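Please look at the sequence and the structure shown here before reading the report that accompanies them.

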Protein chains: 4
Amino acid sequence: MTVQIRVRGYHLDVYQHVNNGRYMEFLEEARWEFMDSTGFADRIAALGYAMVVVNININYRRPALLHDLLDVGVRIDRIGNKSASFEQVITRDNGEGEPEVVADASVTFCVMDQRTETAVVLEGELRDVLASVMTEENA
Amino acid sequence: MTVQIRVRGYHLDVYQHVNNGRYMEFLEEARWEFMDSTGFADRIAALGYAMVVVNININYRRPALLHDLLDVGVRIDRIGNKSASFEQVITRDNGEGEPEVVADASVTFCVMDQRTETAVVLEGELRDVLASVMTEENA
Amino acid sequence: MTVQIRVRGYHLDVYQHVNNGRYMEFLEEARWEFMDSTGFADRIAALGYAMVVVNININYRRPALLHDLLDVGVRIDRIGNKSASFEQVITRDNGEGEPEVVADASVTFCVMDQRTETAVVLEGELRDVLASVMTEENA
Amino acid sequence: MTVQIRVRGYHLDVYQHVNNGRYMEFLEEARWEFMDSTGFADRIAALGYAMVVVNININYRRPALLHDLLDVGVRIDRIGNKSASFEQVITRDNGEGEPEVVADASVTFCVMDQRTETAVVLEGELRDVLASVMTEENA
């Protein structure tokens with residue numbers, strides 16, 4: 001899944017590039033769209049769970065500039081025992097040849113039981129929900 | 001009361017000036033400091049009330065630039081019947097002559113009864129709290 | 001002209017409402033779209049001019065909440081001698097009856113001569129550009 | 001080196017925790033303070049160089065909450081051949097026992113030759129500057 005964001009003047013900083021911190025919002029925007037449109041957020045909430053990001057590892061490959069049109073991708077690429085992760089790639093497609101990778105990130109999350117406030121093992125119905133969201137999106 | 005903020009690269013935008021939206025955070029930072037240090041937040045919370053901003057009218061006088069040291073002021077300058085207002089002036093003091101006004105704002109707020117979720121008349125004990133905070137700060 | 005923004009978790013603050021400062025970005029997003037799609041930015045740049053916001057007066061009417069779909073409007077509503085203004089209204093349309101006004105703002109700007117860095121009188125070709133953009137958009 | 005940041009209402013998001021993206025600004029604030037106070041920024045600019053962040057790897061350990069007083073640390077912990085890195089640890093010290101780690105990050109940067117816009121090998125005078133800044137700060 002991909003959301004599009006047009007780079008505006010308020011996204012830039014003193015270097016005239018999109019600020020490092022602003023990418024975190026671009027990534028989060030794509031995850032919200034993913035969670036809403038797949039029903040992921042509702043499905044885990046119905047089980048009494050919430051998603052908690054525990055690590056973000058982001059590579060800044062090329063500066064994004066004013067007026068760039070960015071595609072911010074998101075897909076689940078790993079379901080482990082107690083954590084899973086999103087792969088998120090941001091590309092620029094200005095209609096001039098191949099899209100270029102601006103940044104890519106791995107976003108690791110746990111699933112928290114809202115009653116006990118502890119991370120749960122990704123098994124049973126919860127794992128099924130994760131796997132089905134992962135498969136649908138990657139199909 | 002005044003808080004100091006050093007302008008950093010991530011505060012700027014494509015024009016290399018502090019972005020218009022960022023000033024709202026600078027103003028809010030000063031109001032949080034005001035509400036905490038005067039006890040204003042706690043005192044109205046104890047009465048079952050909360051402050052709600054209903055209008056901000058801000059003049060941008062001069063651009064603020066990288067490395068500028070800004071003084072963000074805040075004081076209550078008006079207590080009306082159902083609303084009151086903060087006067088907030090942002091000045092730059094780079095140690096070269098008189099401080100210059102970068103921006104000034106009037107921030108109007110109501111006080112909400114958290115049970116009824118309606119704005120209350122600023123009278124009685126609530127007005128006394130507002131007046132005492134106004135006087136102390138302006139003393 | 002209108003841009004749509006879906007309210008996400010990162011737009012909210014401690015009150016669970018869209019933060020006051022974030023509205024400035026929503027308003028600016030709509031102005032960028034306006035300036036790009038009308039060619040306004042390019043047309044005044046070709047004349048050696050740039051737009052500078054000198055005042056924002058915003059009324060917060062109702063809190064915007066998570067998942068709200070906001071329409072952020074922008075149109076030029078006044079062309080004066082040395083300044084002009086945008087009217088910007090933010091409405092919420094959740095598909096339940098009439099759209100509600102969340103916030104409305106008047107954004108006053110001057111036009112700066114980039115060589116002299118002074119505000120110019122809005123006359124001649126510049127005024128024609130402003131008037132044509134105002135008329136097209138309000139048509 | 002450490003900068004202190006008080007968590008305010010506008011730093012929080014729908015989860016009532018400091019938003020993931022906001023931490024990037026806290027980290028950047030500390031790096032600006034580091035670059036200014038050590039003279040690092042001026043010293044590499046004098047050589048015709050600029051610093052470019054190429055990777056941020058951040059662990060979110062505990063949620064930071066309203067009114068928390070955060071210490072945001074920064075030090076250079078590695079100087080490699082073509083990249084170096086900052087270690088940045090954010091701790092909360094609310095005066096109740098040991099400070100707790102809220103987040104920690106490794107921030108990898110290259111040094112760009114501003115004429116050629118390519119990353120340079122960290123050798124000679126440049127390496128000396130990095131090493132002296134690293135040593136002073138860790139002393």
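The text below turns from the contact between two chains to the nonpolar cores.

The model is a predicted one, and its description may begin where chain C meets chain B, with 13 residues of chain C in contact with 13 residues of chain B. On the side of chain C that touches chain B, helix 1 (20–37) and strand 2 (49–60) of chain C each supply at least two residues, and it is strand 2 of chain C that gives the most, with 8 residues. The residues on that side of chain C are divided by kind in the table.

| Kind of residue on the side of chain C that touches chain B | Number |
|---|---|
| Nonpolar | 6 residues |
| Polar | 5 residues |
| Charged | 2 residues |

Strand 2 of chain C is also joined by 5 bridges to strand 2 (residues 49–60) of chain B, and the two strands run antiparallel. Within this pairing, Ile56(B) has Ile58(C), in strand 2 of chain C, as its bridge partner.

Which residues have the most contacts inside the largest nonpolar core? This core has 65 residues, and those with the most contacts inside it are Tyr23 of chain A, Leu27(A) and Ile90(A), together with Tyr23(D), Leu27(D) and Ile90(D). Helix 1 (residues 20–37) of chain A gives the most to this core, with 8 residues. When residues up to four places away in sequence are left out of the count, Tyr23(A) touches Val18(A), Ile58(A), Ile90(A) and Ala103(A). Apart from the largest core lies another, of 64 residues, which includes Phe26(B), Ile56(B), Ala64(C) and Phe86(C).

How values were computed:
Residues are numbered from 1 along each chain as its sequence is written. Chains are lettered from A and ligands numbered from 1 in the order in which they are written. This is a predicted model: local features need pLDDT of at least 70, side-chain atom pairs count only at pLDDT 80 or more; totals for chains, interfaces and linings use all residues. Two residues are in contact if their C-beta atoms, placed from the backbone, lie within 7 Å. Helices (H or I, at least four residues) and strands (E, at least two) are DSSP runs, numbered from the N terminus. Ala, Val, Leu, Ile, Met, Phe, Trp, Tyr, Cys and Pro count as nonpolar, Asp, Glu, Lys and Arg as charged, and the others, Gly among them, as polar. Two strands pair if DSSP finds at least two bridges between them. A nonpolar core is a set of buried Ala, Val, Leu, Ile, Met, Phe, Trp, Tyr and Cys residues joined through C-beta atoms within 7 Å. A residue is buried if 20 or more other C-beta atoms lie within 10 Å of its own, exposed if 12 or fewer, and partly exposed in between; C-beta atoms are placed from the backbone.
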